[in-house]
Amino acid sequence: LLPGVTPPPLPLLWWDRRTETDGVEQVDGKVVLGAATTGQLSGSIALSANGKWIVHVVVYASDGGDSGDTLQVTINGVPMEAVKNNRRKGAPCVGTTCLSKKGIYMLSTSIVGDQVDYKFQWQSSSGQEEKHMFLGAGEAVFVGDPSETPDVPSARNYGTTISVINGVDGKSLGKGRKSSDGAEERGFEMPKDPRLFLLLGKALVWDGIVDGAEATLNVPPPPPGRKYTCVVTQAGMMSLYQENCDVGVERKAELSMSPVLAPGSARFILSWGKQPSDLDIHMLVPGVGGASGCEVSWRNKDCFGEARLDLDNTQGYGPETISLSRMRPGKYIVFVKEYNGNPRAPMWGVSSATVTYYSPDIGSMVYKVGQDGYVDGIHWLVLTVDGTSKFPEACTQSTCPAQT
């Protein structure tokens with residue numbers, strides 16, 4: 001981690017860091033109780049920095065399982081709630097409003113330190129694996145080191161209007177709003193408003209609720225030559241990490257979040273600034289068994305029923321989003337095109353364009369124009385992803401051919 005940089009969120013791969021297991025196995029990325037009625041998994045994960053972290057655990061109920069079955073979650077020695085296997089409910093809930101009614105349970109707790117110790121304990125009335133609840137990858141989100149003091153200049157506050165939206169459908173993530181869970185159009189109902197953490201390096205500058213997912217934040221501008229980092233958490237969403245955030249610098253900041261991802265899936269979200277008005281995200285999807293590949297774009301929004309363009313934005317800022325329900329063997333290539341751009345005078349230098357790759361296996365990784373991949377006229381060749389390992393690499397001229 002470079003000095004002065006806020007630690008990014010970390011994926012918590014429970015199976016990979018296990019120290020003890022009994023009756024539990026990993027199948028297709030799912031950590032699940034096998035052919036037994038009880039089992040447990042425990043382990044420890046080192047974090048990248050000492051400080052305060054929010055830990056997310058995602059549990060999925062199973063079809064046909066007994067509603068009395070439980071999965072007890074314990075983080076750093078503190079038991080959280082025991083999740084029951086109910087496909088018609090979900091968590092978190094506030095009053096009568098619950099995030100999901102499809103069996104998605106997102107549990108959260110905070111810790112202070114640099115390590116996550118975990119234990120999961122299953123109890124079931126059935127010995128059939130397919131009837132058992134399972135774990136997806138978790139996430140640890142850094143939200144400040146209590147011992148650090150932010151080096152914020154004494155200056156007049158600058159107001160920035162913040163909007164927090166779902167990157168899949170572009171809808172507000174405010175309390176009571178319904179939006180996509182990544183599979184179903186109105187699959188999530190937000191039980192609360194999103195929470196924003198504004199950081200300068202490891203120091204927390206501001207922390208609060210973004211009322212209605214749209215609010216004006218008044219803070220002093222960051223020190224010369226630096227920008228704040230924005231971290232946003234919201235129920236049902238993977239955390240948003242924007243290393244160079246426009247809060248305190250610009251009048252508007254739109255923050256796009258990704259719904260949590262089931263094992264084996266992936267998502268790519270393109271965001272940019274006020275200019276240019278229209279950037280388009282594209283993906284080259286590999287074929288299988290000698291079949292030709294396919295290109296996802298605004299002209300062709302679906303490939304093989306597995307890769308789809310969720311959102312096409314033509315008014316600046318984005319987002320534009322491609323989601324994958326599964327990844328097949330082969331190489332995926334992601335690139336961005338400036339729509340109706342001038343090849344002799346492209347606007348990449350003022351675009352502040354980023355592509356964020358979300359994966360339950362990798363976490364989230366941000367690619368920035370001018371820093372990652374390469375630019376060829378009105379095309380920005382961003383990254384490749386291996387469909388088997390899920391591992392991404394920034395494009396080079398040898399790995400990503402120029403587009404026309």
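This is a short talk on the pocket, the cavities, the disulfides and one set of paired strands in the chain shown above.

Before I start, please keep in mind that this is a predicted model.

I'll begin with the largest pocket. It holds about 890 Å³ of space. Its lining is made up of 36 residues. If you want to find the middle of it on the screen, go to Gln 242, Asn 244, Asp 246, Ser 352 and Thr 354, which lie nearest the centre of the pocket.

Which elements supply at least two residues each to that lining? There are strands from two stretches of the numbering to look at here. Strand 21, at 240-245, strand 22, at 252-259, and strand 23, at 266-271, are among them. The others are helix 1, at 348-351, strand 30, at 354-359, and strand 31, at 363-368. As for the character of the lining, 13 of its residues are nonpolar, 14 are polar and nine are charged.

Next, the enclosed spaces. There are two cavities of 30 Å³ or more. The largest cavity has a volume of about 170 Å³. It is lined by 19 residues, and those closest to its centre are Ala 137, Gly 138, Glu 139, Met 238 and Pro 360. Two or more lining residues come from each of strand 1 (10-12), strand 5 (38-60), strand 12 (138-142), strand 20 (237-238) and strand 31. Strand 31 should sound familiar, since it also supplies at least two residues to the lining of the largest pocket. The biggest contribution to the lining of the largest cavity is from strand 5, which gives three residues. By class, this lining has 12 nonpolar residues, six polar and one charged.

The second largest cavity has a volume of about 40 Å³. Its lining can be read out in full: Leu 33, Asp 69, Thr 70, Asn 85, Trp 122, Gln 123, Ser 124, Lys 131, His 132 and Met 133. Three of these residues are nonpolar, five are polar and two are charged.

Leu 33 in that list takes me to the strands. Leu 33 sits in strand 4, opposite Val 24. The two strands concerned are strand 3, residues 24-27, and strand 4, residues 30-33, and they run antiparallel with four bridges joining them. Together they form a hairpin with two residues between the strands. One point to check in the turn is Asp 28, which has a positive phi of about 55 degrees.

Strand 4 has another partner as well. Two bridges join strand 4 to strand 11, residues 134-135, and this pair also runs antiparallel. Here Val 32 has Phe 134 of strand 11 as its bridge partner. As a general reminder, side chains in a regular strand alternate between the two faces of the sheet.

Last, the disulfides. The structure holds four of them. How are the bonded cysteines connected when counted along the chain? The pattern is 1-2, 3-4, 5-6, 7-8. I'll go through three of the bonds.

Start with Cys 93 and Cys 98, which are joined with a sulfur-to-sulfur distance of 1.9 Å. The torsion about this S-S bond is about 110 degrees, so the disulfide is right-handed. On accessibility the two ends fall into separate classes. Cys 93 is partly exposed, with a relative accessible area of 38%, whereas Cys 98 is buried at 19%. Note that the cut-off for buried is under 20%, so Cys 98 counts as buried at its 19%.

Then there is the disulfide between Cys 294 and Cys 303, with the sulfur atoms 2.0 Å apart. Is this one right-handed or left-handed? Its torsion is about -75 degrees, so it is left-handed. Both ends are on the buried side of the cut-off: Cys 294 has a relative accessible area of 18%, and Cys 303 comes in at 1%.

The remaining bond I want to show joins Cys 395 to Cys 400, again with an S to S distance of 2.0 Å. Its torsion is about -75 degrees, so this disulfide is left-handed too. Cys 395 counts as buried at 5% relative accessibility, and Cys 400 counts as buried at 0%.

That is what I have; I'll take questions.

Note on methods:
Residues are numbered from 1 along each chain as its sequence is written. This is a predicted model: local features need pLDDT of at least 70, side-chain atom pairs count only at pLDDT 80 or more; totals for chains, interfaces and linings use all residues. Side-chain values use heavy atoms; hydrogens and water are left out. On a 1 Å grid over the protein atoms alone, a cavity is a set of points where a 1.4 Å probe fits but cannot get out, and a pocket is an open set with protein on both sides within 12 Å along at least five of seven lines; lining residues have an atom within 4 Å of a point. Grid points are joined across faces, edges and corners, and a volume is the space filled by probe spheres set on the points. Ala, Val, Leu, Ile, Met, Phe, Trp, Tyr, Cys and Pro count as nonpolar, Asp, Glu, Lys and Arg as charged, and the others, Gly among them, as polar. A disulfide is a pair of cysteine sulfur atoms within 2.5 Å. Buried means under 20% relative accessible area, exposed over 50%, partly exposed in between (1.4 Å probe, protein chains only). Two strands pair if DSSP finds at least two bridges between them.
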